[in-house]
Amino acid sequence: MSLIGKEVIEFKANAFHNGEFIEVTNEDFKGHWSVVCFYPADFSFVCPTELEDLQEQYATLKSLGVEVYSVSTDTHFTHKAWHDHSEAISKLEYIMIGDPSHQISLGFDVLDDQGLSQRGTFIIDPDGIVQALEINSDGIGRNAAILVDKIRAAQYVRTHPGEVCPAKWKEGAETLKPSLDLVGKI
């Protein structure tokens with residue numbers, strides 16, 4: 001069953017952020033746009049490249065009113081150790097949530113049969129509702145620049161009821177207004 005249009009599940013978890021341990025709940029996703037980026041494991045191979053790429057887009061995402069949360073089934077202690085020992089991960093400014101109980105991964109339906117999170121990316125609106133998601137197999141890394149375009153499209157559609165963003169839409173480009181006049185003409 002798709003999570004699109006559904007509210008984020010209730011949860012409470014420990015996280016690592018800016019050298020401190022903090023608590024994060026589903027309520028933290030409300031009041032602003034959020035990106036939740038699940039990944040299989042700390043101290044792995046594709047994961048640090050993705051998280052570093054996401055960090056490279058973090059300033060742009062923040063300028064769009066987006067907060068970023070990464071999640072794996074590792075603990076917040078492991079996140080700190082990885083942050084302290086990886087050149088790529090030491091750059092991260094966004095929140096790293098630990099999900100050793102698997103509660104969050106199960107709620108977002110990204111837990112695999114080995115007890116690891118799949119590569120899932122979720123865009124959540126300020127009401128805590130999932131607006132977009134993408135889940136990749138373990139060997140396929142994500143591109144955060146594409147995520148930025150998806151966020152812009154989601155924000156545009158939210159503020160412009162009755163309009164939709166076509167494929168490859170970029171901010172400032174034309175949108176569509178679905179109507180009987182467009183049926184069969186695109």
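1. A good place to start in this predicted model is the pairing of strand β3 (residues 33-38) with strand β6 (residues 119-124), which run antiparallel and share 4 bridges. Within this pair, Val35 sits opposite Ile123 of β6. If you would like a landmark for browsing the sheet, those two residues will serve nicely.

2. Stepping back, β3 and β6 belong to an open sheet of 7 strands, ordered β2-β1-β5-β4-β3-β6-β7 and with mixed pairing. Its edges are formed by β2 (20-25) and β7 (130-136), each of which has a pairing partner on one side only. Leaving direction aside, neighbouring strands are turned by 25 degrees against each other on average.

3. Now for the helices on the sheet. Helix α1 (residues 46-56) packs on the sheet with contacts to β3, β4 (66-72) and β6, and its direction makes about 25 degrees with that of β6. Helix α3 (residues 76-85) also packs on the sheet, where it touches β1 (12-17), β2, β4 and β5 (95-98); its direction makes about 15 degrees with that of β1.

4. Helix α1 deserves a second look. It is mostly covered, with 8 of its 11 residues buried. The buried set holds Cys47, Pro48, Glu50, Leu51, Glu52, Asp53, Leu54 and Gln55, so charged residues are in it as well as nonpolar ones. What do these buried residues pack against? Their partners are β3, α2, β4, α3, β6 and α5.

5. On to the annotated cysteine. An unreviewed UniProt entry lists Cys47 under "active site", and in the model Cys47 is placed in helix α1. Is Cys47 buried or exposed? With a relative accessibility of 1%, Cys47 counts as buried, because the cut-off for that class is under 20%. Beyond its sequence neighbours up to four places away, Cys47 touches Tyr39, Pro40, Ala41, Trp82 and Arg119. Please keep in mind that such annotations may be inferred rather than shown by experiment.

6. Arg119, one of those contacts of Cys47, has a story of its own. Its side chain meets that of Asp138 in a salt bridge, at 3.3 Å from N to O. The two come from distant parts of the chain: Arg119 lies in strand β6 and Asp138 in the loop between β7 and α5, 19 residues apart. Arg119 is buried, at 3% relative accessibility.

7. The nonpolar interior comes in separate pieces. The largest core has 24 residues, and Leu51 and Leu54 have the most contacts inside it. At least two of its residues come from each of β3, α1, α2 (58-63), β4 and α5 (144-159). Which element gives the most to this core? That is α5, with 5 residues. Leu54 shows how widely the contacts reach: apart from residues up to four places away, it touches Cys37, Leu61, Val68, Tyr94, Ala144 and Leu147. A second, separate core of 19 residues has Leu3, Phe29, Val71 and Phe108 among its members.

8. Helix α5 also holds a buried polar residue, Gln155. Its relative accessible area is 15%. Gln155 touches Trp33, Leu64 and Val66, again leaving out residues up to four places away in sequence.

9. Finally, the salt bridges, of which the model has 13. Two more of them involve α5. Asp127 pairs with Arg158, their closest N and O atoms being 3.1 Å apart. Because Asp127 lies in the loop between β6 and β7 while Arg158 is in helix α5, this pair ties together parts that are 31 residues apart in sequence. Both ends are partly exposed, Asp127 at 44% relative accessibility and Arg158 at 37%.

10. The other one joins Glu171 to Arg152, with 3.3 Å between the closest N and O atoms. Glu171 is in the segment after α5 and Arg152 in helix α5, so here the parts tied together are 19 residues apart in sequence. Glu171 counts as exposed at 59% relative accessibility, whereas Arg152 is partly exposed at 22%. One last item to look up: Glu50, Arg119, Asp138 and Arg142 are joined into one network by salt bridges that share partners.

How values were computed:
Residues numbered from 1 in each chain as written. Predicted model: local features only at pLDDT ≥ 70, side-chain atom pairs only at ≥ 80, totals over all residues. Heavy atoms only, no water. Pairing = 2+ DSSP bridges. Axes fitted to C-alpha atoms, helices over the stretch in contact; angles between N-to-C directions. Contact = heavy atoms within 4.5 Å. Core = buried A, V, L, I, M, F, W, Y, C linked by side-chain atoms within 4.5 Å. Buried < 20%, exposed > 50% of the residue type's maximum accessible area, 1.4 Å probe, protein only. Salt bridge = Lys/Arg side-chain N within 4 Å of Asp/Glu carboxyl O.
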